[in-house]
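Q: I would like to work through the metal site and the chain symmetry of a model. Please take one feature at a time.

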2 protein chains.
Amino acid sequence: MSTSFAEENYLKIIYRLSESNPNEISTNEVAEMIQTKAASVSDMLRKLSEKGWVNYQKYQGVRLTDKGQKIALSIVRKHRLWEFFLVEKMGFNWDQVHDIAEQLEHIESEELINKLDEFLGFPKVDPHGDPIPNKDGVIPDLGYQLLSDCKPNTTCTLMGVAQDSTVFLQLVTKLDLKLGSKLNLIEINSFDRSISVSIEGQTPVFISHEVAKNILVKII
Amino acid sequence: MSTSFAEENYLKIIYRLSESNPNEISTNEVAEMIQTKAASVSDMLRKLSEKGWVNYQKYQGVRLTDKGQKIALSIVRKHRLWEFFLVEKMGFNWDQVHDIAEQLEHIESEELINKLDEFLGFPKVDPHGDPIPNKDGVIPDLGYQLLSDCKPNTTCTLMGVAQDSTVFLQLVTKLDLKLGSKLNLIEINSFDRSISVSIEGQTPVFISHEVAKNILVKII
DNA sequence: ACAAATTTTTAGACTTGTCTAAATTTTTCT
DNA sequence: AGAAAAATTTAGACAAGTCTAAAAATTTGT
Ligand SMILES: [Mn+2]
Ligand SMILES: [Mn+2]
Ligand SMILES: [Mn+2]
Ligand SMILES: [Mn+2]
């Protein structure tokens, strides 16, 4: 069965929300992520359910079925491979590629995406450190954790970001954070949950909790 | 003003039809090319006209305005650059790329297409010999003519094809015709307008008028 | 010139996906 | 438990783009 752009976007969003929430996803969460009204989401969830791509009980939230998960993973795979292509081959910066990839992820050609994967050298992660599902939908487990979940006195390496929006990535860049940066978490300031971090041994800077919970690190 | 996929497809088709017909394009011609009903075309022409992209008088056919032509050329540019990319970088055959390019031509990013152009080395023609408009919409005039318009005893080189459909290209390949083939037009058979052609000096073969009028050649 | 054939347009319906406003269900709070 | 608040669904409308059937305009043929 073929999928419309709208359906693909819903499945992808439900998948992304499920990554950080093992339970049912609520209508409102989807609405906020997809930038639409809850009424529209209710309607679409009913349709996705009829197609067998989600399990959905009125008022009880939604979950992907195996079929739905498979579709979602193929969209995520395309999105991340195209982002890698845009940065590595087209020379874009990491904060410029998400919106273009939002369009490219809907191009329908299994053969193209596999050839692209090969052309790019089968990359494991996209320019934001997010894992790229392989042809069979298997995602390499990278074992990263959120900077906001680390304890004081932790040393870690910045491995990725949990958001690709231009505003967020430009702020991260302004803070002089990049993939591979060595971070030393000095302390967590209880007042606002901001954290003091030394980047590459420099004098510590403040990073808001909002930012920290979108930074993926590997503890050394 | 932004353009929908449907609008872009209409503008592109009107442009393509105008290439071989300097007069107004009829509703039915558009309908046949775009695989839709004449009623739908009428409706869309009215809308395109309101947006200032075509000149359209009821019952009198349609023409692109300068604005419309500019949009059409940008779609054609994207289509042909992506086709080149698919053949040269992804390793597809020339008969496999048209349908994928039909999707890719709607990706909206001026910056991407210019970077792609550069990445590909500013190609002048696509894999089917069709000229690629440059950034400013200027098309190199290649001075090709249709094989069906040649006189007997002409020697020429196959420079392109006037159609990208898979069925057509596979037939052309089966006939052992490729870009660059040296052709010697022996005679035109008046009964069915088929032509006898020697390819690369081989024993002559028959080529139907239908095929010949989709083959672009340069006379030597 | 004028009837017949052909082309084109209009009218009305349908699908997808969205919205607002109102109704319903669930959750929270006393 | 029961009221109030919050979340969710339903109802009805709308826009884009398509379709069929019918009407209107144009072209063709004698
Ligand atoms: Mn992204
Ligand atoms: Mn990404
Ligand atoms: Mn093509
Ligand atoms: Mn082509």
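Q: What spacing do the donors of the manganese ion (ligand 2) follow along the chain?
A: This is a predicted model. For the manganese ion (ligand 2), the donors run along the chain as E-x42-D-x1-H-x35-D.

Q: Which residues coordinate the manganese ion (ligand 2), and through which atoms?
A: The ion is held by A:Glu83 (OE), A:Asp126 (OD), A:His128 (ND1) and A:Asp164 (OD), at 2.1 to 2.4 Å. A:Glu83 and A:Asp126 link distant parts of the chain, 43 residues apart. A:Glu83 belongs to helix α4 (residues 66-88) of chain A, while A:Asp126 is in the loop between α6 (110-119) and β3 (145-146).

Q: Which residue coordinates both the manganese ion (ligand 2) and the manganese ion (ligand 1)?
A: That residue is A:Glu83, and the two ions are 3.5 Å apart.

Q: Is A:Glu83 buried or exposed, and where does A:Asp126 fall?
A: The cut-off for buried is under 20% relative accessible area. A:Glu83 has 0% relative accessibility, so A:Glu83 is buried. A:Asp126 has 2%, so A:Asp126 is buried as well.

Q: What turn and shift lay chain B on chain A?
A: A turn of 180° with a shift of 0.0 Å along the axis does this, with an RMSD of 0.0 Å. That is the relation of a two-fold axis.

Q: Which residue of chain B comes closest to the rotation axis?
A: It is B:Leu104, whose C-alpha lies 3.8 Å from the axis.

Q: Why can one say that the copies meet through the same surface?
A: Because 100% of the interface residues of chain B are also interface residues in chain A.

Terms used: Residues are numbered from 1 along each chain as its sequence is written. Chains are lettered from A and ligands numbered from 1 in the order in which they are written. This is a predicted model: local features need pLDDT of at least 70, side-chain atom pairs count only at pLDDT 80 or more; totals for chains, interfaces and linings use all residues. Side-chain values use heavy atoms; hydrogens and water are left out. Donors are N, O and S atoms within 2.8 Å of the metal (3.2 Å for Na, K and Ca); water is not among the atoms, so sites may look incomplete. Helices (H or I, at least four residues) and strands (E, at least two) are DSSP runs, numbered from the N terminus. Buried means under 20% relative accessible area, exposed over 50%, partly exposed in between (1.4 Å probe, protein chains only). Copies are superposed by least squares on the C-alpha atoms of residues with pLDDT of at least 70 in both. Contact means heavy atoms within 4.5 Å.
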